[in-house]
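The following exercises invite the reader to examine a structure step by step. Each task is followed by a worked solution.

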Amino acid sequence: MTADPTPRAAGTPTALDVPTVAAHGRAVLDEVATAVVGAREPLTLALATVLAGGHVLFEDVPGLGKTLAARSLARALGLDFTRLQCTPDLLPSDVTGSSVYDPATRTFEFRPGPVFTGLLLADEINRTAPKTQSALLESMAERQVTVEGTTHVLPRPFHVVATSNPVEHEGTYPLPEAQLDRFMVRLSVGYPGRDEEREVLTRRIARRHDDPVVRQVVDRDTVLAMQDAVEQVDVHPDVIAYCVDLAAATRTHRDLEVGASPRGSQNLALLARGVAVLDGRDVVLPEDVKRVAVPVLAHRLTLTPGAWAADLRPETVVAGILQTVPGPATVGARG
């Protein structure tokens with residue numbers, strides 16, 4: 001295996017304290033809000049996912065700013081950004097890269113694909129074939145790709161933000177469960193309110209061009225240090241047990257054929273840490289777990305035929321489980 005192609009710069013702090021990370025997070029979200037109107041909560045969860053080391057799936061109808069949100073987040077975080085427009089004829093090598101023959105040296109040279117970046121936007125991921133979708137599996141799970149028997153390590157940090165259109169079915173390929181499970185969260189921006197939509201139009205007319213300008217707030221090394229700070233947050237055993245109980249409840253629910261795997265309960269705890277740090281806390285509360293439960297668990301569930309026919313949504317099932325599974329007592333801050 002090759003070494004990390006982008007080691008940290010000398011002198012980079014291994015971690016930041018929680019108040020500093022929270023301040024950086026607020027500054028990033030405030031800057032992204034100059035381009036994306038009225039999506040503070042999904043953007044907060046997306047940023048918390050990045051800090052927790054995960055990948056994000058935005059699933060919503062076209063025109064709600066999913067692509068703009070991903071691009072703006074990458075710019076504010078100072079990460080290298082690559083946009084991959086997914087189409088039915090996209091090949092796995094178009095994602096990972098391939099070896100190209102060099103006549104001058106009479107050897108094959110590996111040319112990295114768009115996956116070698118800090119933040120990869122896989123736009124309309126459900127429009128590309130399963131073979132190409134699966135090319136992302138190794139990179140998302142192991143931060144590496146294997147091409148022609150050679151393993152290439154991806155830069156750090158590396159995150160995938162994918163978008164998907166849930167209402168269009170012709171010419172699309174639904175993501176298989178194994179691919180969905182690689183995303184820490186599935187988020188929805190939703191339609192803006194009347195005042196928010198007016199603000200979108202007002203800003204566009206005022207700036208006199210299409211692309212909003214988003215400033216860089218932090219850099220790659222700072223993002224790595226923020227991720228290190230999240231990793232230092234311990235989770236109380238009672239909160240861990242609560243995450244396990246929520247995931248276990250999905251495995252015996254009458255409306256579900258397949259419940260959440262242990263990756264689901266693990267991601268509950270990991271994302272709850274990211275949310276807690278962005279709120280300026282070094283302790284995870286049960287409320288943090290409840291806040292992220294639907295985005296973390298809903299896309300990992302498979303409804304029974306009867307529940308699907310009754311138009312029941314996995315989000316509704318998770319919301320019901322939150323009402324029935326008792327949470328732990330309030331966990332106090334570390335002393």
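The expected span of a helix is 1.5 Å times one less than its number of residues. The model used throughout is a predicted one.

**Exercise 1. Helix H11**

Determine whether the span of helix H11 (residues 286–297) agrees or disagrees with the expected value, and state what its buried residues pack against.

Solution. Step 1: helix H11 has twelve residues, so at 1.5 Å a residue it should span 16 Å. Step 2: the C-alpha atoms at its ends lie 16 Å apart, which agrees with the expectation. Step 3: the buried residues of H11 are Pro 286, Asp 288, Val 289, Val 292, Ala 293, Pro 295, Val 296 and Leu 297. Step 4: these buried residues pack against four helices and a strand, namely helix H2 (40–51), strand S9 (185–187), helix H9 (237–251), helix H10 (262–278) and helix H13 (314–324).

**Exercise 2. A buried acid and its network**

Establish whether Asp 288 is buried or exposed, and find its salt-bridge partner.

Solution. Step 1: a residue is buried when its relative accessible area is under 20%. Step 2: Asp 288 has a relative accessibility of 3%, so this residue counts as buried. Step 3: its side chain forms a salt bridge with that of Arg 281, at 2.8 Å from N to O. Step 4: Asp 288 and Arg 281 belong to a network of salt bridges that also links Glu 41, Asp 279 and Arg 291.

**Exercise 3. Two further salt bridges**

Compare where the partners lie in the pairs Asp 211 with Arg 75 and Arg 203 with Glu 199.

Solution. Step 1: side chains of opposite charge can pair when their charged atoms come close. Step 2: a salt bridge of 3.2 Å (N to O) joins the side chains of Asp 211 and Arg 75. Step 3: Asp 211 is in the loop between helix H7 (194–207) and helix H8 (220–231), while Arg 75 is in helix H3 (residues 66–77), so this pair ties together parts 136 residues apart in sequence. Step 4: Asp 211 is partly exposed at 32% relative accessible area, and Arg 75 is partly exposed at 31%. Step 5: the side chains of Arg 203 and Glu 199 meet at 2.9 Å, N to O. Step 6: Arg 203 and Glu 199 are four residues apart in helix H7, a separation of about one helical turn. Step 7: the model has 20 salt bridges by the rule applied.

**Exercise 4. An aromatic pair**

What is the arrangement of the rings of Phe 110 and Phe 116?

Solution. Step 1: the model holds two aromatic pairs. Step 2: in the pair of Phe 110 and Phe 116, the ring centres are 5.8 Å apart and the planes stand at 65 degrees. Step 3: planes over 60 degrees apart count as edge-to-face, so the pair is edge-to-face.

**Exercise 5. Backbone features in loops**

Locate a cis peptide bond, and describe the phi values of Glu 124 and Arg 208.

Solution. Step 1: the peptide bond from Arg 156 to Pro 157 is cis, with omega near -5 degrees. Step 2: Pro 157 lies in the loop between strand S7 (150–153) and S8. Step 3: Glu 124, although not a glycine, has a positive phi of about 55 degrees; this residue is in the loop between strand S5 (119–123) and helix H5 (130–142). Step 4: Arg 208 also has a positive phi, near 65 degrees, and is placed in the loop between H7 and H8. Step 5: Glu 124 is partly exposed at 27%, whereas Arg 208 is exposed at 73%.

Technical notes
Residues numbered from 1 in each chain as written. Predicted model: local features only at pLDDT ≥ 70, side-chain atom pairs only at ≥ 80, totals over all residues. Heavy atoms only, no water. Salt bridge = Lys/Arg side-chain N within 4 Å of Asp/Glu carboxyl O. Helix = DSSP H or I, 4+ residues; strand = E, 2+ residues; numbered from the N terminus. Buried < 20%, exposed > 50% of the residue type's maximum accessible area, 1.4 Å probe, protein only. Phe/Tyr/Trp six-rings, centres within 6.5 Å; stacked < 30°, edge-to-face > 60°. Contact = heavy atoms within 4.5 Å.
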